[in-house]
Amino acid sequence: MQYIRITDIHDPLFAKMHQLMQTVFPPEEVLEFALWEGPLADDGIRVCVAVHQGEVVGATEYRYYEDVNVAMTDFTIIGREGLGVGRFLAEQRKADLNAWAESCGKKLYGMFAEIYDPYRVEQLSFGGVKPMDPFVRREVLSHLGYKRLDFPYVHPSWTNDGEAVSGLDLCFLPIATDLSELNAELVASFVKRYYSVLPNKPQAWHDMVKQLEEKETIPLLPI
């Protein structure tokens, strides 16, 4: 299996990846094809695919913010069972992020990720791919060391229609395993920065940010 970074919207692998995203994720979670041109060319973002026998069988997007020394996994897609795609992507991403942080003279502090709450999104099929089932994914993230940030989380729809998307938790993978809380200012600044690309944000999102800014710390709880 090959781990290949995509940097051009015209790369044939990107069309396959985008189709896989549309198969697995609901529409409000998928950025329009043409709008990927900027992110793919951004040096601060990695969009990588797992390629098996010429086909895209998995993908992941992630980014690293050097100034605050945290990363974000935008998504992880397992498109085919029985190939070890999830483990392959996780190992490749971890190695790349550690090298990325080290090149900046730092040791990675941790990584954010969003995860669906299966009790709130039971109607989503995720393309019928069992490893993408929210129950399975939460267990996988838990085993990897992720913890759930204890606050009501919403995010703006990626269709940029101003709607609030709920049914997810914001999680964090601390490199220091004894970490039990995060600085609330870090969480607030992260979500503002991460969603700065979307101009149409719902009031529920603004309210969430305001509540974060009024706190000092956010507990990290088991998933």
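This is a short talk on the packing, ring pairs and charge pairs of one structure, which is a predicted model.

I'll start with the interior. The largest nonpolar core has 52 residues. The residues with the most contacts inside this core are M17, W36, F112, L149, F151, L170 and L182. Which helix gives the core its largest share? That is helix α5, residues 184-194, which supplies seven residues. There is also a second core, separate from the one just described, with 15 residues. C48, M111, Y146 and C171 are among them.

Take M17 as one example from the large core. Leaving out residues up to four places away in sequence, M17 touches I6, W36, V47, V49, V56, A59 and F75. W36 is on that list of contacts, and W36 also appears with M17 among the residues that have the most contacts inside the core.

Next, a histidine. H155 sits in strand β7, which covers residues 155-156. Is H155 buried or exposed? Its relative accessibility is 0%, so H155 counts as buried. If we set aside neighbours within four places in sequence, H155 is in contact with E29, E114, E163, A164, V165, L168, Y195 and W205. Three glutamates are on that list, namely E29, E114 and E163. Please keep Y195 in mind, as this contact of H155 comes back with the rings.

So, the rings. The count comes to 15 aromatic pairs. One of these joins Y65 and F190, with ring centres 6.1 Å apart and planes at 70°. The cut-off for edge-to-face is over 60 degrees, so the pair of Y65 and F190 is edge-to-face. Where do the two partners lie? Y65 is in strand β3, residues 55-65, and F190 is in helix α5, so the pair ties together parts that are 125 residues apart in sequence. Helix α5 is also the element with the largest share of the large core. Both Y65 and F190 are buried.

A second edge-to-face pair is formed by Y194 and Y195. Here the distance is 4.8 Å centre to centre, with 85° between the planes. Y194 is buried, at a relative accessible area of 5%, and Y195 is buried at 0%. Which residues do the ring pairs link into a cluster? They are Y65, Y109, F112, W158, F172, F190, Y194 and Y195. Of these names, F112 was also listed for its contacts inside the large core, and Y195 is the contact of H155 that I asked you to remember.

Now the charges. In general, side chains of opposite charge can pair when their charged atoms come close. This structure holds nine salt bridges, and I'll go through some of them.

In one, the side chains of E55 and K16 meet at 3.5 Å, N to O. E55 lies in strand β3 and K16 in helix α1, residues 12-24, so the salt bridge ties together parts that are 39 residues apart in sequence. Both ends are partly exposed: E55 has a relative accessibility of 38%, and K16 has 35%.

In another, K210 pairs with E214, and the closest N and O atoms are 2.7 Å apart. K210 counts as partly exposed at 48%, whereas E214 counts as exposed at 56%. Then there is a network: salt bridges that share partners join E61, R63 and D74. Within it, the closest N and O atoms of R63 and E61 are 3.7 Å apart. R63 is buried at 13%, and E61 is buried at 5%.

Last, two places with accessible area. Q2 lies in strand β1, residues 2-5, and is partly exposed, with a relative accessible area of 48%. Not counting residues up to four places away in sequence, Q2 touches V49, A50, V51 and F88. The C-alpha atoms of Q2 and F33 are separated by 23 Å, and the two residues are 31 residues apart along the chain.

The other place is a nonpolar patch on the surface, formed by V136, V140 and L144. Together these residues have about 230 Å² of accessible area. L144 belongs to helix α4, residues 134-144, and counts as partly exposed at 44% relative accessibility.

That is the end of the tour.

Definitions and conventions
Residues are numbered from 1 along each chain as its sequence is written. This is a predicted model: local features need pLDDT of at least 70, side-chain atom pairs count only at pLDDT 80 or more; totals for chains, interfaces and linings use all residues. Side-chain values use heavy atoms; hydrogens and water are left out. A nonpolar core is a set of buried Ala, Val, Leu, Ile, Met, Phe, Trp, Tyr and Cys residues joined through side-chain atoms within 4.5 Å. Buried means under 20% relative accessible area, exposed over 50%, partly exposed in between (1.4 Å probe, protein chains only). Helices (H or I, at least four residues) and strands (E, at least two) are DSSP runs, numbered from the N terminus. Contact means heavy atoms within 4.5 Å. Patches are made of residues with over 30% relative accessible area and no salt bridge: like charges are joined within 9 Å, nonpolar side chains (Val, Leu, Ile, Met, Phe, Trp, Tyr) within 5 Å. Accessible areas come from the Shrake-Rupley method with a 1.4 Å probe; for residues, only the protein chains shown count as cover. A salt bridge is a side-chain nitrogen of Lys or Arg within 4 Å of a carboxyl oxygen of Asp or Glu. Rings of Phe, Tyr and Trp (its six-membered ring) pair if their centres lie within 6.5 Å; planes under 30 degrees apart count as stacked, over 60 as edge-to-face and the rest as tilted.
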